[in-house]
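Reader: Before the terms used for this model are accepted, I should like to see how each one is justified. Could the author set the values against the definitions?

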Amino acid sequence: MTTAESPQDILGSYHVIDGDAHWTEPPDLWVSRAPASLKDRLPYVKRVNGRDHWFIEGGQSFGHLGTCIVDKDGVKHRGIEAPETQEVVDSDALANFKDPSRPTFDDVHAAAYDATARVKLLDSLGIWAQVVYPNAAGLATLKFMNDVKDPDLRLALVQIYNDAIAEWQQESGGRLLPQAILPFWDQEALEREARRAVEDLGLHGVVISDKPEQIGLPDFTTSYWAGFWDFCSSTGTPVNFHVGGNLDASPIMKMPWDNFGPEAWMAITAPLFALGSARTMMCFIYSGLLDRHPGLKLVSVESGIGWIPYFLEAMEYQLVEMMPNEGKNLQKRPTEYFRDHFYATFWFEREALKYLDAIGVNNVLVETDYPHPTCLYPHREHLNSTLAEVAPESRRRILQDNAAELYRIDLPTPAQA
């Protein structure tokens, strides 16, 4: 890691922390760690019709291989295939499902799944650490809730996954920071697993669905969540809401017109996820939850930041115009709540960085989204160009300090700005 800044290599002056990346779960993630009683029931990968696919319970479809658009030679492929709309229930049905465009596990770059290869890639890209989210496991474990009926099997899926990512974190020397998934459909298990993940496994944060009320669970203001909020607030454990975590229930997925092809469909849908993030932020701020849990740290992942100034300004205005009575119960202004509790990640945006004062420079993280579609890869030239006009002290906050403080990352040496 270089310490002398130059206009050509801003990243080299900091221990850059990537606030959103993903991994492609290896085919043996669950079965290699399974107790004998569950080995035949847990997810495994099978190649059918030249295409790798996850199966569970001896043959039930469990989704495609985790999305990775960087091939084994390090080449990025743009675009994305259409979402799977045909239900695939077993290997015989999959054989007739004519869509071989997703890569096999052999085709993806080793850094997508191997800790040593990922760290080597980080070194080449000028990144010190990465916060890593699921892929095939679902962005917030919703697929476990939807596709697995046995509660004991659901819990085993979560716990084995968290055990695996703790190993991955250790193999990386603490430079890869996968976020724990949680059994949020079971109140007691939710609290137990959050505590185990943080206190026993040493993981640095958790990721959950941000709209439980849309999938049949109590909303975040109810007693169902109180113990979980207490734990996260008292320990400073970041609670991450990754866009797409409520994919199946999101009305955003129905917004593009029916006649669009898969590329236009995704190009429209992906930016619209920020609207869901705005909803979550506003609900938390107006709910009073942040007064009851003053240590909560909430992260809007892969949402960008350009939407934040408008919604904060709108909340300030509407608090006066529309909430003359209920607003009296809040201890702070909306912007104050945001500055004290919220973080958001940006990657491709340029214009949004002009509004750092309105957003709050201490609330912004940088991300690459490697190795998903729209990821910044290779990103070094783009970020050097994007951040060239940002003041050095703000660059340091965005590239390094905010994430280091939020996720409790020990940097090896004081980086020079």
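Author: The answers below take the terms in turn.

Author: The model is a predicted one. Its protein chain holds 13 helices and 12 strands, and 57% of its 417 residues count as buried.

Reader: Why is Phe260 called partly exposed?

Author: Phe260 has a relative accessible area of 34%. Buried requires under 20% and exposed requires over 50%, so 34% lies in between and Phe260 is partly exposed. Phe260 is located in the loop between β9 (239–242) and α7 (262–287).

Reader: What makes Trp257, Phe260 and Ile268 a nonpolar patch?

Author: A patch takes residues with over 30% relative accessible area and no salt bridge, and nonpolar side chains are joined within 5 Å. The 34% of Phe260 is over that 30% cut-off, so Phe260 meets the area condition. Together, Trp257, Phe260 and Ile268 have about 320 Å² of accessible area on the surface.

Reader: How do you know that Arg154 has no salt bridge?

Author: The nearest side chain of opposite charge, Asp186, is 7.7 Å away from Arg154. A salt bridge requires a distance within 4 Å, so the pair does not qualify. Arg154 is nevertheless buried. It belongs to helix α4 (residues 151–171), and its contacts beyond four places in sequence are with Phe144, Met145, Val148 and Trp185.

Reader: Why is strand β1 described as largely enclosed by the rest of the structure?

Author: In β1 (residues 17–22), 6 of the 6 residues are buried, so the strand is largely enclosed. Strand β1 runs parallel to β5 (residues 129–133), to which 4 bridges join it. Within this pairing, Ala21 has Val132 as its bridge partner.

Reader: What makes β2 and β3 a pair of strands?

Author: Pairing requires at least two bridges. Strand β2 (residues 44–48) and β3 have 5 bridges in the antiparallel sense, so they satisfy the definition. Lys46 is partnered with His53 in β3. The hairpin has 2 residues between the strands, and Asn49 there takes a positive phi near 60°.

Reader: How do you know that β3 also pairs with β4?

Author: The two strands are antiparallel and joined by 3 bridges, which meets the requirement of at least two, so they pair. Ile56 stands opposite Gln60 in β4. In this hairpin, with 3 residues between the strands, Glu57 has a positive phi near 55°.

Reader: What makes β3 mostly covered, and which residues point each way?

Author: For β3 (residues 51–56), 6 of its 6 residues are buried. Arg51, His53 and Phe55 point one way, while Asp52, Trp54 and Ile56 point the other way. In a regular strand, side chains alternate between the two faces of the sheet.

Methods
Residues are numbered from 1 along each chain as its sequence is written. This is a predicted model: local features need pLDDT of at least 70, side-chain atom pairs count only at pLDDT 80 or more; totals for chains, interfaces and linings use all residues. Side-chain values use heavy atoms; hydrogens and water are left out. Patches are made of residues with over 30% relative accessible area and no salt bridge: like charges are joined within 9 Å, nonpolar side chains (Val, Leu, Ile, Met, Phe, Trp, Tyr) within 5 Å. Accessible areas come from the Shrake-Rupley method with a 1.4 Å probe; for residues, only the protein chains shown count as cover. Buried means under 20% relative accessible area, exposed over 50%, partly exposed in between (1.4 Å probe, protein chains only). Lys and Arg count as positive and Asp and Glu as negative; His and the chain ends are not counted. Contact means heavy atoms within 4.5 Å.
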